[in-house]
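Me: I have a model open and would like to practise reading it residue by residue. Could you walk me through a few features?

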Amino acid sequence: MPAIMRGFLDKVMLEGSAYTTGAAGLTPVRAISQTYIFTTSSTPTDVLVDTFGDPIHNAMISATFQIVGFQSPVWKNLGGIDASTPQERQEFLDEVRRILE
């Protein structure tokens, strides 16, 4: 896991702030109805999904976010960013903007 992601989790996903623990396991503190995850990666998105087993959905969304109450996830990734053009990066940012409006 990249250090920046680990830092996010350490600061935001705090016990008592994002979840509580008890005999039944983790209990969400909040019910967040829509979750957006925007990422960029050197690895193309299809390789992340097909070769590496979709780590964003499997590790981040299912095993972390949904357990602590982040629902209805939408994941958008600009894969292959190292080889992307300024136009492709702008199109990704425009898509992010459209989704969040």
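Reply: Happy to; we will go through a strand residue, a core and a loop residue, keeping in mind that this model is predicted.

Me: Let's begin with S41. Where does S41 lie, and is S41 buried or exposed?

Reply: Start with the secondary structure: S41 belongs to strand β3, which covers residues 35-41. For burial, look at relative accessibility, where under 20% means buried. S41 has 14%, so it counts as buried.

Me: What does the side chain of S41 reach, and which residues does S41 touch?

Reply: For a polar side chain, look for a partner atom. Here the side chain of S41 reaches the backbone oxygen of T43 at 2.6 Å. Setting aside residues up to four places away in sequence, S41 touches L48, N77, L78, G79, G80 and I81.

Me: Now the largest nonpolar core: which residues touch the most other members?

Reply: That core has 13 residues, and those touching the most other members are M13, I37, I56, I61, F65 and W75. Helix α3, residues 55-65, gives the most to this core, with 4 residues.

Me: Which residues is W75 in contact with?

Reply: Beyond its neighbours within four places in sequence, W75 contacts I37, T39, T45, L48, V49, D54, I56, H57 and I61.

Me: And A31: where does A31 lie, and is A31 buried or exposed?

Reply: A31 sits in the loop between β2 (25-28) and β3. Its relative accessibility is 79%, so A31 counts as exposed. You can also check the spacing along the chain against the spacing in space: A31 and Q66 are 35 residues apart along the chain, with 9.7 Å between their C-alpha atoms.

Notes: Residues numbered from 1 in each chain as written. Predicted model: local features only at pLDDT ≥ 70, side-chain atom pairs only at ≥ 80, totals over all residues. Heavy atoms only, no water. Helix = DSSP H or I, 4+ residues; strand = E, 2+ residues; numbered from the N terminus. Buried < 20%, exposed > 50% of the residue type's maximum accessible area, 1.4 Å probe, protein only. Polar contact = N/O pair within 3.5 Å; in protein donor to acceptor, adjacent residues only side chain to side chain. Contact = heavy atoms within 4.5 Å. Core = buried A, V, L, I, M, F, W, Y, C linked by side-chain atoms within 4.5 Å.
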